[in-house]
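I opened this model to look up a few things for my notebook. My notes follow in the sequence in which I took them.

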Amino acid sequence: MNDSHAAETHPPSTAPARDVTARLTAAFVVGFVGLSTEIAYTRVISFKLFYYYTYFVIGLALLGLGAASAIVSLSPRLRRADTVSLVARLAPVAGVVGLVSYAVVARLQLDTQKIWASAVGIAGPQFLKLLVMSIALTMVFFAIGLVLAKLIVAEAHEVRRLYFWDLTGAALGCLTAVPLQAWIGPPNMIVASNLALVALGVWLAVRSGRHLAFAGGLGAVALAAMLLAVSIPIRTDATKTLRVDQEVLAGDWGAVFRVDATQTTKDLITLNHDGLWGSSIWRYDGTRKTTARFDIDSRQIPFAALDEPPENMLIIGAAGGNEIMAARTYGAKNIDAVELNPVTASLLRNEFAEFTGNITEQPGVNYVQGDGRTFLARSDKNYDLIWFVAPDSYAASNAATSGAFVLSESYLYTEEMLTTAYSHLTDRGMIVSQFGDFQFESAPNRTARYLATARSALNEEMGGKQGDFANHTGLTVEGVEASIAKISTILLFKNPPEPVAMERVTKVVEEIPDGRVVHLPGVDGTGEGITAQIISGDDATVTRLVADYPYDISAINDNGPFFWHFTPFSNVDAMFSRNYSDSEIAIGERLLLMLVLIATITAALFLWLPFGLARRKSTVKVRGKARLFLYFASIGLGFIFVEVAMIQRFSLLLGFPTLSLSVSLFTLLLATAVGARYSDRFGANVRVRLTATTVALWAVTLLYLVISRPITNVALAWPQGARIVLVFAMLFPIGVLLGMFLPTGIDRANLTAESQDPDDDGRLVAWCWAVNGFFSVLGSSTGTILSMSFGFNRTVVIGLLLYVVAAVLLSQGGGEPATDEQADPGVTGADDGMVDAAAPSAG
């Protein structure tokens with residue numbers, strides 16, 4: 001802004017009525033662009049770096065929005081500027097910034113493993129690169145946030161309509177994100193979203209007749225930046241198996257992860273999942289010549305354990321069809337093979353169909369694209385073999401973390417899933433699971449946790465007496481500590497196997513390089529380590545072993561399905577040690593804690609410090625600000641806590657993780673928009689309105705928590721369309737109730753400002769908006785930490801308690817702004833800046 005625009009500025013309340021459509025349209029476009037860009041970046045960063053860096057995208061997005069709110073609240077010139085005129089200039093600038101930032105993100109190459117596992121001198125440069133990338137991402141959402149903050153602050157009296165259209169745009173962005181990812185891919189989504197911002201600015205300039213040259217010039221710059229952005233390939237992390245210069249035979253961005261097929265040998269095609277080796281497609285012609293590799297491979301173990309080939313078998317995690325080939329090699333008759341990723345399924349059925357001898361179309365093969373747990377719930381078959389083929393390539397976790405803000409949860413390994421699978425076994429049937437444990441001799445975390453979960457879930461079904469679990473369980477291992485490939489194979493039998501079957505397994509294992517039997521019923525295995533003790537020990541011994549183990553390997557269930565969360569957050573000191581030989585352990589946890597720390601420091605720099613400095617220049621004492629601070633902090637944290645837990649619970653019901661993100665978040669955002677739009681229809685008295693809303697929120701949410709498990713068990717077998725309708729019906733009332741709180745708080749901020757500071761011009765509203773945004777940043781990571789530590793249900797309850805706090809805070813004073821006499825003693829010195837350090841506790 002410069003003085004030449006002074007004539008355009010005026011208080012928001014005098015904005016011409018003809019601009020209402022422009023402002024509402026701008027709110028809708030910004031909401032759509034903001035969420036679609038965020039979702040697209042979570043996929044890009046998951047491909048470029050690793051899935052757990054999606055936390056940074058979520059946190060930096062909220063950080064950028066919050067910082068923009070703080071700037072608006074501190075700048076009288078921004079607040080007083082004509083809204084349409086300012087947005088006409090800001091929107092194209094935001095679009096150009098977004099395009100340039102994407103080019104920086106795509107071009108920059110990091111080696112992030114060095115940050116966590118190298119000396120400081122080596123880690124430093126990589127950390128600086130990560131910081132540059134983080135700043136580029138933050139600037140994208142900061143620019144978007146300036147537009148949104150200006151709209152909300154300048155039109156605070158129209159907050160319900162503006163917030164409605166903003167959330168509706170965000171809901172539409174979420175709903176279309178999944179099909180857009182499949183259609184044009186996340187990079188093009190980012191480019192298109194930023195061009196939409198440029199187009200918004202041009203449209204507003206044409207509509208208002210002002211800044212046409214400015215908007216047109218930036219439009220031309222944006223087109224040039226677009227050509228630059230789309231021509232830059234995304235450079236993956238240096239430790240990834242897929243290199244930017246590597247020839248890709250086929251592949252695409254999928255709803256689960258990106259798949260790139262590369263030629264390894266003439267008989268082997270490697271499928272890279274988000275840039276990392278994920279699975280393989282082998283040449284196959286139906287003869288033993290093309291399956292001779294199984295003679296020294298652990299995939300023959302399940303078939304050796306059966307007296308005769310399986311009549312019916314189920315493969316969960318079929319990927320490139322390797323296990324289908326093994327099943328046909330060893331005589332399986334009817335094979336149901338389920339693969340989650342639609343891109344992988346398409347490659348096997350189309351591009352590489354001839355290469356694999358049309359394996360998906362062979363007699364007896366039913367290759368299905370979908371979720372294994374949902375498929376099993378809808379099946380009325382009993383199987384001789386249910387085979388979980390290491391579906392731990394983080395397929396589900398990539399999708400879930402990108403939208404539901406959780407770590408690497410997996411509903412395939414919970415007690416409930418094991419119980420379901422066990423109930424689908426024939427009398428001679430068995431469940432087989434395989435894991436890659438990098439340090440089986442010293443830290444067999446995956447195998448140990450799976451065994452602990454299986455024991456907790458199936459001990460009663462296996463007899464419930466001492467030794468019954470050992471009589472129904474087998475464990476073999478291939479590979480030693482020094483080898484790259486270390487695979488454990490776990491066998492859970494419906495009934496104790498015959499000795500002759502175990503002899504066959506022993507003989508087969510001897511043919512596998514570095515293969516050994518740890519435990520088989522009736523066989524003298526090595527009995528090594530904690531895994532054998534979990535199988536053979538009594539209940540008291542196993543409980544003690546699990547509690548004393550240096551990592552968390554306790555049994556998991558659907559309320560906290562974090563199979564890969566091995567390091568407790570209480571172990572912070574050890575978590576930041578650089579002496580990790582397993583590069584996966586605690587990285588996600590460390591990132592979460594670092595994000596909380598960074599968000600806290602940034603909040604202090606962008607919120608506390610600026611407002612503290614601004615307070616000294618003000619002569620107006622605004623009372624009751626501590627109460628507003630705590631109110632907006634509470635609903636910022638509370639909304640995220642409820643949102644995180646609720647969305648993730650529905651990923652089980654909907655089966656497909658990205659579908660859960662799309663449907664659940666769309667429903668919540670749309671319902672919140674409706675609640676915000678019509679919140680003033682539920683009574684003029686704030687105390688009555690918030691009390692009724694809070695009671696209703698508790699009633700509806702607790703009812704959901706009570707019925708979620710039984711209704712999920714029933715609805716898993718429903719058609720997908722019916723399950724989507726059910727999720728919409730269950731989530732919509734909760735979203736409507738959540739949406740009523742923010743406009744009510746904005747009303748209170750407006751009343752407080754009007755009664756105490758006539759020259760406020762939106763400063764207090766902007767401050768409240770910034771407080772809400774910064775605590776949303778903290779909530780996105782702390783909500784995940786709470787879910788991982790205490791489970792989804794308790795996280796929801798904590799969120800509900802925060803809404804109780806908010807309702808009590810704003811209900812004080814009967815819905816009117818606090819007077820001098822009603823103000824809290826601890827905040828009598830608060831003014832247009834931040835509250836004193838002691839104010840929150842006093843409020």
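I began with glycine 331. It takes a positive phi of about 90°, just after helix H11. I noted that this is a predicted model.

Next I looked at H11 itself. Is helix H11 enclosed or open? H11 spans residues 322-329, and 6 of its 8 residues are buried, so H11 is largely enclosed by the rest of the structure. I listed the buried ones: Asn322, Glu323, Ile324, Met325, Ala326 and Ala327. Then I asked what the buried residues of H11 pack against. I found helix H10 (301-304) and strand E4. I also found strands E5 (312-316), E6 (334-339), E7 (365-369) and E8 (383-388). I checked how H11 sits on the strands. H11 lies across E5, E6, E7 and E8, and runs at about 170° to E6.

**The sheet with 8 strands**

I traced the sheet that holds those four strands. It is an open sheet of 8 strands, in the order E7-E6-E5-E8-E9-E11-E10-E12, with mixed pairing. Which strands stand at the edges? They are E7 and E12 (516-519), and each of them pairs on one side only. The twist from one strand to the next averages 15°.

I then went to the E12 end. Strand E10 covers residues 473-478 and runs antiparallel to E12, joined by 3 bridges. I picked out one residue pair there: threonine 476 has valine 517 in E12 as its bridge partner. Helix H16 (residues 445-458) also packs on this sheet. H16 touches strand E9 (425-436), E10 and strand E11 (487-493). The direction of H16 makes about 10° with that of E11.

**The sheet with 4 strands**

I turned to E4, since it came up in the H11 contacts. E4 belongs to an open sheet of 4 strands in the order E1-E2-E3-E4, and the pairing is antiparallel. Why is one side of E1 and of E4 left without a neighbour in the sheet? Strand E1 (250-253) and strand E4 (276-282) stand at the edges, and each has a single partner strand, so one side of each has no neighbour there. Neighbouring strands here are turned by 25° against each other on average, direction ignored.

I looked up the E3 and E4 pairing too. E3 (residues 268-273) pairs with E4 in the antiparallel sense, over 6 bridges. Asparagine 272 stands opposite tryptophan 277 in E4. Helix H12 (residues 342-349) packs on this sheet and touches E1, strand E2 (258-265), E3 and E4. The direction of H12 makes about 155° with that of E1.

**A surface patch**

I searched the surface for nonpolar side chains. Phe127, Leu128, Leu131, Ile135 and Met139 form a nonpolar patch, with about 440 Å² of accessible area together. I placed phenylalanine 127 in helix H6, residues 120-154. Is phenylalanine 127 buried or exposed? Neither: it is partly exposed, with a relative accessible area of 36%. Buried would need under 20%, and exposed over 50%.

**Whole chain**

I closed with the totals. The protein chain has 30 helices and 12 strands. Of its 843 residues, 62% are buried. The chain exposes about 30,000 Å², with carbon and sulfur atoms supplying 60% of that area. I also looked at contacts between residues at least 6 apart in sequence: 78% of these join residues at least 24 apart.

How values were computed:
Residues are numbered from 1 along each chain as its sequence is written. This is a predicted model: local features need pLDDT of at least 70, side-chain atom pairs count only at pLDDT 80 or more; totals for chains, interfaces and linings use all residues. Side-chain values use heavy atoms; hydrogens and water are left out. Two strands pair if DSSP finds at least two bridges between them. Helices (H or I, at least four residues) and strands (E, at least two) are DSSP runs, numbered from the N terminus. Axes are lines fitted to C-alpha atoms, for helices over the stretch in contact, and angles run from 0 to 180 degrees between N-to-C directions. Contact means heavy atoms within 4.5 Å. Patches are made of residues with over 30% relative accessible area and no salt bridge: like charges are joined within 9 Å, nonpolar side chains (Val, Leu, Ile, Met, Phe, Trp, Tyr) within 5 Å. Accessible areas come from the Shrake-Rupley method with a 1.4 Å probe; for residues, only the protein chains shown count as cover. A salt bridge is a side-chain nitrogen of Lys or Arg within 4 Å of a carboxyl oxygen of Asp or Glu. Buried means under 20% relative accessible area, exposed over 50%, partly exposed in between (1.4 Å probe, protein chains only).
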